[in-house]
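Reader: I'm new to this and the whole thing is a bit much at once. Could you take me through one strand and its surroundings, and then some of the ring pairs?

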Amino acid sequence: MHSKKRSHSQLFLLICLNVMTLSLCAGVASATLGFSSPVFNATGSEPLSVAIGDFNHDGISDLAVADFGSDQISVLLGNGDGTFQSAINQAVTTPKSVAVGDFNHDGNLDIVAVENKANSVAVLLGNGDGTFANAQVSSTGPNPNALVAGDFNRDGRIDVAVALTGGNVGVLLGNGDGTFQTELDFASGQLPASIAAADLNGDLKTDLVTVNNNSNTVAVLLGNGDGTFQAAVTFNPGMNPHFVAIADFNRDGKLDLAVPVGSNSVSIFLGNGDGTFQAAVQFAAGSGPSGAVIKDFDGDGKLDLAVSDSFANTVSILLGNGDGTFQVPVSFAAGAAPSFVASAKFNRDSKLDLVVADQASAGVSLLLNTSVR
């Protein structure tokens, strides 16, 4: 009888130890997601877009902010501790979208922006110390809304593609000195609001994707590798798409799309690897989703989404399950009317932070990642 009691006790202890081990393992594998309260950094009025780069070669991420209402680009140099120096302003007419790249091959990052009301793109050539030359301007079609940089004709020079209000994508091939050739136009859809570039079909040629706000479509333009593009093929994201981001959410080696739409959700298109996509599946976001960035915010090896919620004054984080699906959003406070969100490591702690353009606040908010792994 005594030996049986010992056996039962040992069995109970073994079960308890196993349960504890499972709990501990679960704790190691998971993370408690968190971001700090937003820290405001002043820019000009109506900031609509943010690009991140190291403009002064100090190994610290800096910001270029498109201030639509102030006709300027604000450059905020990072201090490496999650703070920034006061903005240095460069004159650019009604910038709506901004990107970075080395357009003249001098080893310094430059800034390019669309000038919405001037019908042009402006390039600010970097001096390598965080300052920039005056803008070099190249003409586009009417009212460019957004741009993306890439090498569309594989000549080693950076080109730009702009989303034009009238329904075209304008492609400006780079000359390698910060200037561009005459624009080539390709039909996209009504009121393209956002544009992205990637090789969607694995042919080593860069393709383009636009979201077309008035026609409620996503348009894919496959690249020919010479700076020209095939006719657009469209997909249905839902009503009022605002933005597009590209990544491989289900880890199958095929690129997928994330599109914030007007139903307070994000439409996920899983890619087929040939430039086509499966039907969109929607996941809840916050109110008025306007922009998105794709990163692994909780360090579990699965891509997540951060979405700027312009009506809710928040950023929603949708943790990825690694199969193309996402968990219920967790919201964190941002500034007033966040229009755009980007991500980088701003305080060197290995965690990916967020920077949000607060359209109604004349500034950007920094949210430091405080997740515990």
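Author: Sure, here's a walk through one strand, its partners and a few aromatic rings. Keep in mind that this is a predicted model, where local features need pLDDT of at least 70 and side-chain atom pairs count only at pLDDT 80 or more, while totals for chains, interfaces and linings use all residues. Residues are numbered from 1 along each chain as its sequence is written, and side-chain values use heavy atoms, with hydrogens and water left out.

Let's start with strand β24, residues 314–318. Strands here are DSSP runs of E with at least two residues, numbered from the N terminus. "Buried" means under 20% relative accessible area, with exposed over 50% and partly exposed in between (1.4 Å probe, protein chains only). In β24, 5 of the 5 residues are buried, so the strand is largely enclosed by the rest of the structure. Side chains in a regular strand alternate between the two faces of the sheet. For β24, one side has Thr314, Ser316 and Leu318, the other has Val315 and Ile317, and all of them are buried.

Now for the neighbours. Two strands pair if DSSP finds at least two bridges between them. Strand β23 (residues 304–309) runs antiparallel to β24, and 5 bridges join them. In that pairing, Val307 sits opposite Ser316. The hairpin of β23 and β24 has 4 residues between the strands, and Asn313 there takes a positive phi near 60 degrees. β24 also pairs with strand β25 (residues 330–333), again antiparallel, over 4 bridges. Ser316 turns up here too, opposite Ser331 in β25.

On to the rings. Rings of Phe, Tyr and Trp (its six-membered ring) pair if their centres lie within 6.5 Å; planes under 30 degrees apart are stacked, over 60 edge-to-face, and the rest tilted. The structure holds 12 aromatic pairs. One of them is Phe103 with Phe180: the centres are 6.1 Å apart and the planes at 75 degrees, so it's edge-to-face. Phe103 is buried at 2% relative accessibility, and Phe180 is buried at 11%.

Another pair is Phe249 and Phe326, with centres 5.3 Å apart and planes at 80 degrees, so this one is edge-to-face. Phe326 brings us back to our strand: it lies in the loop between β24 and β25, while Phe249 lies in the loop between β18 (245–247) and β19 (256–261), so the pair ties together parts that are 77 residues apart in sequence. Phe249 is buried at 2%, and Phe326 at 8%.
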